[in-house]
Amino acid sequence: MKKEKIHLEYLLNATSKNILWSAISTPTGLEDWFADKVISDDKIVEFHWGKTELRKAEITAIRSFSFIRFRWLDDENERDYFEIKMTYNELTSDYVLEITDFAEPDEVDDMKELWESQVAKLRRTCGF
């Protein structure tokens, strides 16, 4: 079954592009809100949740202070990915966090809820 593309946007009251970029692109930053433990060796990133769950992803694209795109290594479709992008709105002086992900049609709502809770945690830990 073909996965559906999900695109979510979150307005963040972030004042520092450095803090936001670090939160979405570094192992330490990702450990604050996305996974319990993150280990990276340039292209391959290990995400750990709890004591047993581990998923590995490859960084397929990255542009500093813009976006980072990952592809799960255990994903059957090589075209599926998840991307975390930050854009700056000059009118409001805020950052928008854009999430692109893919989910099975019957899991779209669950995936959206998961991202909602993860971004809420990002807001709390970074003060956005």
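Author: Two strands count as paired if DSSP finds at least two bridges between them. This model is predicted. With that rule, take the hairpin of β4 and β5. It has three residues between the strands, and F65 takes a positive phi near 60°.

Reader: How do you know that β4 and β5 pair, and in which sense?

Author: Count the bridges. DSSP must find at least two. β4 and β5 have six, so they pair, and the sense is antiparallel. One position to look at is A61, which stands opposite R69 in β5.

Reader: What makes β3 and β4 a pair?

Author: The cut-off is again at least two bridges. Six bridges join β3 (residues 44-49) to β4, so the two strands pair; they run antiparallel. H48 stands opposite L54 in β4. Their hairpin has three residues between the strands, and there G50 takes a positive phi near 65°.

Reader: How many bridges support the pairing of β6 and β7?

Author: Seven, with β6 covering residues 82-89. Seven meets the cut-off of at least two, so this is a pair, in the antiparallel sense. K85 has E98 as its bridge partner in β7.

Reader: Which order do the strands take in the sheet?

Author: The order is β1-β7-β6-β5-β4-β3-β2, seven strands with antiparallel pairing, and the sheet is open.

Reader: Why are β1 and β2 called edge strands?

Author: β1 (4-12) and β2 (37-41) each have a single partner strand, so one side of each is left without a neighbour in the sheet. From one strand to the next, the twist averages 25°.

Reader: What makes you say that α1 packs on the sheet?

Author: Contact means heavy atoms within 4.5 Å. By that test α1 (residues 17-25) touches β1, β4, β5 (67-72), β6 and β7. Its direction makes about 175° with that of β6. As for α3, it lies across β1, β6 and β7, running at about 25° to β1.

Reader: Which residues lie closest to the centre of the largest pocket, and what is its volume?

Author: The largest pocket holds about 410 Å³ of space. It is lined by 21 residues, and F34, W49, R55, W72 and L114 are closest to its centre. A lining residue must have an atom within 4 Å of a pocket point.

Reader: Which element supplies the largest share of that lining?

Author: α3, with five residues. β4 (53-63), β7 (94-103) and α3 (108-126) each supply at least two. By class, the lining has 11 nonpolar, one polar and nine charged residues.

Key. Residues numbered from 1 in each chain as written. Predicted model: local features only at pLDDT ≥ 70, side-chain atom pairs only at ≥ 80, totals over all residues. Heavy atoms only, no water. 1 Å grid on protein atoms, 1.4 Å probe; cavity = no way out; pocket = protein on both sides within 12 Å on 5 of 7 lines; lining within 4 Å. Points joined across faces, edges and corners; volume = space filled by probe spheres on them. Helix = DSSP H or I, 4+ residues; strand = E, 2+ residues; numbered from the N terminus. Nonpolar A, V, L, I, M, F, W, Y, C, P; charged D, E, K, R; others polar. Axes fitted to C-alpha atoms, helices over the stretch in contact; angles between N-to-C directions.
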